[in-house]
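Trainee: I am new to this structure and would like to go through it slowly. Could you take my questions one at a time?

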Amino acid sequence: PPGSREIAYTLKTSLLRPSFFRKRQALKTVHVVRYALDSQVLPLITETVHVAEIARRNVQGIFGRKFDGAFSPVLSGKTADGQPLSGHSHSFFLPTDEDGDMRLDHLTIFSSKGFDAGRELVALDSFQKMHAPKTGAEIRLLLVGTGGMTIGSQIPIVSRSSKWRSVTPFIPVRHYKTRGQKKDTCSYEAFPEVVLREELLKRGFPQPVSILTLPRCDLWDHEKKVISRNSRNLSWLQFRRERFAGNGKKGQHPGGGFEIEFDQPVQGPVALGYGCHYGLGLFAPA
């Protein structure tokens with residue numbers, strides 16, 4: 001091309017050897033898969049549980065199509081014959097609003113068991129689009145990272161903190177008992193906090209130092225580290241609080257938001273109560 005010239009170089013053959021590949025590092029288990037969401041109109045944070053259900057359905061469909069109708073218990077939360085798995089080692093689908101504009105902009109899929117690199121990660125890597133609830137608008141997904149438990153410092157809901165605040169309402173998984181040997185002695189208003197403490201104990205979290213009730217949802221801008229102005233009028237009752245599919249047990253109480261403080265940092269995600277694998281009962285570092 002005009003303005004260029006050829007120059008011959010002589011290099012030692014040792015410089016062409018890939019010395020930086022001498023030591024092969026063992027592949028670590030992937031527990032976290034992270035996406036950024038993009039659309040002309042992103043779904044509202046109040047549709048969190050519905051967006052999570054759509055994401056799960058799409059990932060399951062991709063897995064089945066790629067692997068001749070095979071079934072993944074980690075991605076579905078069920079056995080091959082449709083029985084729900086016990087415990088919480090299967091996938092959490094957690095849509096989040098991380099700039100405080102009331103619209104979901106990220107999706108984090110987490111499993112304490114980890115994802116199989118041969119098939120489950122292949123399906124998650126192919127998850128590139130889905131449709132929004134209500135409007136049906138296309139949502140594009142950009143895979144921005146995968147990692148183990150230590151990736152939490154980069155992702156708010158998977159980080160470590162001693163204080164956590166609700167970002168979606170906590171819904172009790174059982175009913176308020178007014179009679180019998182196991183009847184609840186607390187008031188109906190205090191009932192969600194009692195069930196929240198029960199859930200923390202069952203999931204292996206330490207005894208909380210304090211639990212405060214939050215009257216509304218405070219949207220947090222994680223980049224600017226301030227509470228968004230959009231928080232002023234966002235009530236917990238505005239959130240969709242029930243799944244469209246599935247027969248998960250759910251109490252009659254509408255639930256609410258809380259701030260939990262522990263005497264030591266705990267590892268996220270902190271997602272508790274009904275619909276916790278679909279973004280309900282989700283907490284973020286305060």
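The questions below concern a predicted model, and they deal with its sheet, its salt bridges and a surface patch.

Trainee: Which strands stand at the edges of the open sheet of five strands?

Mentor: The five strands of this open sheet follow the order 7-10-6-12-11, with antiparallel pairing. Two of them have a single partner strand each, so one side of each is left without a neighbour in the sheet. These edge strands are strand 7 (210-214) and strand 11 (270-271).

Trainee: Which helix packs on the sheet, touching strand 7, strand 10 and strand 12?

Mentor: The helix that touches these strands has a direction that makes about 25° with that of strand 10. It spans residues 191-202 and is helix 4.

Trainee: How many residues apart in sequence are the parts that Arg243 and Glu53 tie together?

Mentor: The side chains of Arg243 and Glu53 meet in a salt bridge, with 3.1 Å from N to O, and both residues are buried. Because Arg243 lies in the loop between strand 9 and strand 10 while Glu53 lies in helix 1, the pair ties together parts whose separation in sequence is 190 residues.

Trainee: Is Leu11, in the nonpolar patch, buried or exposed?

Mentor: Leu11 lies in the segment before strand 1, and together with Ile7, Tyr9, Leu15 and Leu16 it forms a nonpolar patch on the surface, with about 630 Å² of accessible area together. The relative accessible area of Leu11 is 54%, and the cut-off for this class is over 50%, so Leu11 counts as exposed.

How values were computed:
Residues are numbered from 1 along each chain as its sequence is written. This is a predicted model: local features need pLDDT of at least 70, side-chain atom pairs count only at pLDDT 80 or more; totals for chains, interfaces and linings use all residues. Side-chain values use heavy atoms; hydrogens and water are left out. Patches are made of residues with over 30% relative accessible area and no salt bridge: like charges are joined within 9 Å, nonpolar side chains (Val, Leu, Ile, Met, Phe, Trp, Tyr) within 5 Å. Accessible areas come from the Shrake-Rupley method with a 1.4 Å probe; for residues, only the protein chains shown count as cover. A salt bridge is a side-chain nitrogen of Lys or Arg within 4 Å of a carboxyl oxygen of Asp or Glu. Helices (H or I, at least four residues) and strands (E, at least two) are DSSP runs, numbered from the N terminus. Buried means under 20% relative accessible area, exposed over 50%, partly exposed in between (1.4 Å probe, protein chains only). Two strands pair if DSSP finds at least two bridges between them. Contact means heavy atoms within 4.5 Å. Axes are lines fitted to C-alpha atoms, for helices over the stretch in contact, and angles run from 0 to 180 degrees between N-to-C directions.
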